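Colleague: I am new to reading protein models. Could you take me through one, feature by feature?

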Amino acid sequence: MKINDHVYRLDSTKSSNCFLVFDEELVLIDTGHAFVGKRMLKEIQEMNIAPTDIKHILLTHHDIDHIGNVRWLQEITGATVWAHEEDIPYITGTKDRPGFKKYIGKLAAKKYIKDIEPYGSNMKVGNIQIIYTPGHTPGHVCMLYNDVLFAGDLVEHKRNKLTPFPNAWNWDTQKLQQSIDSLKNTEYEWVCMAHGKPCQQRITID
Ligand SMILES: [Zn+2]
């Protein structure tokens with residue numbers, strides 16, 4: 001799905017959306033469920049992109065439906081992988097995920113990677129602004145690229161509505177709501193969340 005000339009949702013990753021951003025360097029946002037890996041690579045190649053064209057992989061957070069192909073993609077692209085420092089220990093396997101995610105996380109043990117760069121505070125990767133939005137996980141981030149907001153699991157898009165991510169999956173729902181609130185003055189046209197179809201709506205809490 002083409003969002004604009006510079007941003008594409010990889011349609012093979014609908015179960016947990018991943019996005020390509022044609023910034024000065026090519027950027028992949030999130031890596032989807034492990035089971036979409038091969039299809040995702042095929043889709044990328046059908047766009048006449050070589051895996052090694054991808055220079056950065058930006059992770060919104062540590063959940064396994066977002067890091068499912070990170071290890072494999074790091075190997076075949078040689079890209080720099082980035083995540084927030086609060087979430088990095090779950091991706092490298094040095095910390096167990098909190099609550100029931102501990103057990104789901106164990107299933108992803110083979111995906112642990114060692115080399116991840118932490119986002120600095122108020123940081124940009126190329127022209128993509130990283131916005132710290134904790135709540136769904138301790139180190140969840142959103143990203144802003146021109147008028148496109150990549151929202152990760154801050155919200156989901158269901159039945160034409162953007163709603164805060166459901167409580168049961170959140171590390172701290174109150175913090176998630178504060179993070180949503182912190183975006184109220186941010187200007188954007190598109191919201192590209194991981195779960196649901198990218199849309200032109202504002203994120204609100206009601
Ligand atoms: Zn998710």
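Modeller: Start with strands. Helices (H or I, at least four residues) and strands (E, at least two) are DSSP runs, numbered from the N terminus. Two strands pair if DSSP finds at least two bridges between them. Here, Phe 22 stands opposite Leu 26 in strand 4. This is a predicted model: local features need pLDDT of at least 70, side-chain atom pairs count only at pLDDT 80 or more, and totals for chains, interfaces and linings use all residues. Residues are numbered from 1 along each chain as its sequence is written.

Colleague: How many bridges join strand 3 to strand 4?

Modeller: Four, and the two strands, residues 19-22 and residues 26-29, run antiparallel. A hairpin of three residues links strand 3 to strand 4.

Colleague: Which way does strand 5 run beside strand 4, parallel or antiparallel?

Modeller: Parallel, with four bridges between strand 4 and strand 5 (residues 54-58). Leu 26 stands opposite Ile 54 there. To get across, the chain leaves strand 4, passes through helix 1 (residues 37-46) and enters strand 5; this β-α-β crossover is right-handed. Right-handed has a test: with the strands pointing away from the viewer, the path from the first strand over the helix to the second runs clockwise.

Colleague: Now a helix. Which residues of helix 6 are buried?

Modeller: First the rule. A residue is buried if 20 or more other C-beta atoms lie within 10 Å of its own, exposed if 12 or fewer, and partly exposed in between; C-beta atoms are placed from the backbone. In helix 6 (residues 173-182), Leu 176, Ser 179 and Ile 180 are buried.

Colleague: Why are they on the same side of helix 6?

Modeller: An α-helix has 3.6 residues a turn, so residues three or four places apart point the same way. In helix 6 the buried residues cover an arc of only 100° around the axis, so they lie on the same side. That arc is taken from the directions from the helix axis to the C-beta atoms. Gln 174 and Asp 181 are exposed, on the face turned away from the buried side.

Colleague: And the core: which residues touch the most other members?

Modeller: In soluble globular proteins, nonpolar side chains tend to be buried together. A nonpolar core is a set of buried Ala, Val, Leu, Ile, Met, Phe, Trp, Tyr and Cys residues joined through C-beta atoms within 7 Å. The largest one has 54 residues, and Phe 19, Ile 57, Met 143 and Ala 151 touch the most other members.
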